[in-house]
Amino acid sequence: MKKGTLRQILLITDGCSNQGEDPVAMAALAREYGMTVNVIGVLEENERTDGLKEIENIALSGGGIHQLVYARQLSHTVQMVTRKAMTQTIQGFIHKELQTILGSDKEIEDLPPEKRGQVVEVVDDLGETMDLEVLILIDTSASMQHKLPTVEDALLDLSISLHSRIGQNEYSLYAFPGRKKQVERLMDWTPQMKDIHKIFPKLSSGGVTPTGPALKEAIDAYQKKRSKRGMLEDDGFIEESGS
Amino acid sequence: MTDSSKNQAANVSYGTKIRGKWNNECYQIEKRLGNGALGTVYLANSRKGHVAVKVGNDTMSISSEVNVLKQLSKVQGSVLGPFFYEMDDWEVNGKRHPFYVMEYIHGEPLFSFIQRRGKEWLGILMLQLLRDLSVLHREGWVFGDLKPDNLLVEGAPPKMRWLDVGGTTVIGRSVKEFTEFFDRGYWGLGSRVAEPSYDLFSTAMIIINAAYPKRFDRPKENSEAYLMNKIDSSSILKPYRTILRKALTGKYQHALDMRNELFTLLQEDNPKSTARVKTTSRVTTRKQSKKTKNHKRTRWVETVLLFALILTIYTLYLVGYGF
Ligand SMILES: Nc1ncnc2c1ncn2[C@@H]1O[C@H](COP(=O)(O)OP(=O)(O)OP(=O)(O)O)[C@@H](O)[C@H]1O
C-alpha cells in the first residue's frame, strides 16, 4: 500500500474571535478540502471560558478534536491532541474501507472481538508511518501574550513526539493577528521545528482575534502547497499498489 | 479529552450483571477499582473467580489495549501485565459498551508498600522490574508509560506487577502514551522512540520519585545537572548515583546491564543497609544486636552451605540431569 499524507490544522487560542469570517464556517470549508481542524483552548487557572462554545464548534465542524487546558499542561496536551487527531482521521478512512468490504451499514463493532485487533493494527501502523503536515495557527492577541513561552515549549515538545515517528513531518506556523496583516506567516513549510526560538520573540500581539481569516489563510496555504507539488503526485489517501 | 464527558461506562453499580454479546460469559460487578481516560475498571465475580473488567466506550482504543494484553499473555516463563481472558460487548439500554476481562491483581501501590515495609525494598523491587523489562524488550516491546501508578506489589513473596499496558509500544515506533515526569522527551534527554533505554530512563525516574514523592518540574535548561543535583541532595538516592546517571543519559542499552550494576551495588551496600535499619527502628535494633555476636560465624556457615549447594547443582548439571 502507498500511503498518503495527513493534513492537520492545529489552532491554539484562548477565546472568542471578533473579526472577519465565521471560524466555524472556515473550519467546515477546511474539512471539505480534506484537512482536519483541531483546537486547543489555553486557559489561566480560575479563568472563565467564554470561548468554550466556539472552540468546540470549530473542532466539530472541522472534523477534529478540541481540548481546554491550563497553560502548564499545554505541552502534554498539544502532542496528545495531535496524536489523537491523527488516529481519528485514519480511523475515518479505515471506516470507509471497511464499509466497502463489509457492506455499507457495517461498523468495526460488527466484527467479532477477535477480528478487531487487526483493524487496530492497521490504524496504528498508518499513524506511525504516514507522512504528516501540520499547520499551526497561534492566537497572539493581547491576552495570549504571556502564554506564548508555554506555547513555544509545547510546539518543541510536539516536534519531539512527531520526530519519533517513522513517517515524515512538515510544519508551518502562522500567527494572528499579525503585525501588519490579520494573519502573518512566521514559518514556511519545513521538516524541522528547531528554529522556532528565533521566531517567537518577534511576536507582538494586538487586540483583535481574527480566527476565521486565520483558518482561511491556512486553507490557502495548503492549496498552494498542493498545487506547487503539481499533478505528478497523487494525493489520494491510500492507493493499491503492487505489494 | 473530548470523550471524557461521554464516559457513561463509569457508573456500573454494584451487583450489575454484565453479559457478553459474543461469548455469553457473565460478570457480576462487585466494586469500582479505578477510572481511566478510556474506561472504568471494575472488580467482578465470574466462573473464573475474581477478575478485573474494563468497560469502555470506544471500541478502537479498547481493542488496542487488548492487542497488547494478548501479546503479553503469550510470553512464556514470565508474567508481564495482567493475564488476559477475553473481550466482548455489553449491550445495555440500546447502547453497546466494549469491555475486556483480565486477571485481578490484588496488590498494593509500589510506594505505599515501600513505606510500610522499608526502603531496602526499593532496590529489590527495581531488580524485579528490570528483569521483567528485559523480557519485554526481548519480545520486541517497550513499556512506555512506566510510572509508580502503574506498578503494584502483590503476594508473598512480594512480586512487582504491571497495570495499564496502554502505553506499550513496538520497539522502533513512537511511544504511545507517557507521563511527563517519567518521559525523557520532557526532560530534553532523548527522543520518544520506543527503545529499551526509554524504559530505563523511566525506571531511574521512579527511583527518584521514591525520594521526592511530590515530584518536581523541569528547569529552563540543563536538566541533567538539575537531576544530578536532586540525586545528590537525597540520602536515599546518593548510593544509586552512578547507575541513575547512566540510565538518565541513555548509557544502558539493555535492562540487564542496569540490573547487573544495581545488583552489584545492593550486594556491596547490604552490610551498610542493615546498619541503617538498626538506627531507624528500635524493635529491630534489639534483635539485630543480639545477632551481631554470632554474625561472623553464621556468615561463614552460610558460605560453606552455599558453596556445597552450588557444587551439587553443578554436578547434577554435568551429569546431565534434566536433559
Ligand atoms: N488488573 C487489575 N487489577 C487490579 N486493579 C486494576 C487492574 N487494572 C486496573 N486496575 C485499577 O484501575 C485503575 C484504572 O486503570 P486503567 O488502567 O483503566 O486506568 P489508567 O491507568 O488511568 O489508564 P488509562 O488512561 O489508559 O485508561 C488503576 O489505577 C488500578 O487501580
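Is B:Tyr226 buried, partly exposed or exposed, and at what relative accessibility? Select B:Tyr226 to begin: with 29% relative accessibility, this residue counts as partly exposed. Keep in mind throughout that the model is predicted.

**Stop 1: B:Phe216 and its neighbours**

Add B:Phe216 to the selection. Its ring and that of B:Tyr226 form an edge-to-face aromatic pair, 6.0 Å from centre to centre and with 70° between the planes. B:Phe216 is in the loop between helix H4 (196-211) and helix H5 (223-232) of chain B, while B:Tyr226 belongs to helix H5, so the pair ties together parts ten residues apart in sequence. B:Phe216 has a relative accessible area of 12% and is buried.

Now show B:Lys230. Its charged end sits over the ring of B:Phe216, 4.6 Å from the ring centre.

Extend the selection to B:Phe181, B:Phe182, B:Tyr186, B:Trp187 and B:Tyr212. Together with B:Phe216 and B:Tyr226, these residues are linked into a cluster by ring pairs.

**Stop 2: another charge over a ring**

Stay in chain B and select B:Arg259 and B:Phe263. B:Arg259 lies over the face of B:Phe263, 5.7 Å from the centre of the ring.

**Stop 3: an aromatic pair in chain A**

Over all chains, the whole structure holds twelve aromatic pairs. For one in chain A, select A:Trp189 and A:Tyr222: the ring centres are 5.3 Å apart and the planes meet at 45°, so this pair is tilted. Colour the chain by secondary structure to see what the pair links: A:Trp189 is in strand S7 (residues 184-190) and A:Tyr222 in helix H7 (residues 211-229), distant parts of the chain, with the two residues 33 apart. Both A:Trp189 and A:Tyr222 are buried.

**Stop 4: where chain B meets chain A**

Show both chains and select the residues in contact. There are 28 in chain B and 34 in chain A. The two chains bury about 2,800 Å² between them, and 51% of that is on carbon and sulfur atoms.

Which side chains should be picked out here? Try B:Lys176 and A:Asp124, which meet in a salt bridge at 3.6 Å, N to O. The count of salt bridges between chain B and chain A is four, and 13 residue pairs are in polar contact, with both residues at pLDDT 80 or more.

Finish on the chain B side of this contact. Helix H1 (59-74) and strand S5 (84-92) of chain B each supply at least two of the residues that touch chain A. Select H1 of chain B last: the largest share of that side, six residues, comes from this helix.

Note on methods: Residues are numbered from 1 along each chain as its sequence is written. Chains are lettered from A and ligands numbered from 1 in the order in which they are written. Side-chain values use heavy atoms; hydrogens and water are left out. Rings of Phe, Tyr and Trp (its six-membered ring) pair if their centres lie within 6.5 Å; planes under 30 degrees apart count as stacked, over 60 as edge-to-face and the rest as tilted. Helices (H or I, at least four residues) and strands (E, at least two) are DSSP runs, numbered from the N terminus. Buried means under 20% relative accessible area, exposed over 50%, partly exposed in between (1.4 Å probe, protein chains only). A charge sits over a ring if NZ of Lys or CZ of Arg is within 6 Å of the ring centre and within 35 degrees of the ring normal. Contact means heavy atoms within 4.5 Å. Buried area is the accessible area (1.4 Å probe) that two parts lose on being put together, summed over both. A salt bridge is a side-chain nitrogen of Lys or Arg within 4 Å of a carboxyl oxygen of Asp or Glu. A polar contact is a pair of N or O atoms within 3.5 Å; within protein, one must be able to donate a hydrogen and the other to accept it, and residues adjacent in sequence count only if both atoms are side-chain atoms.
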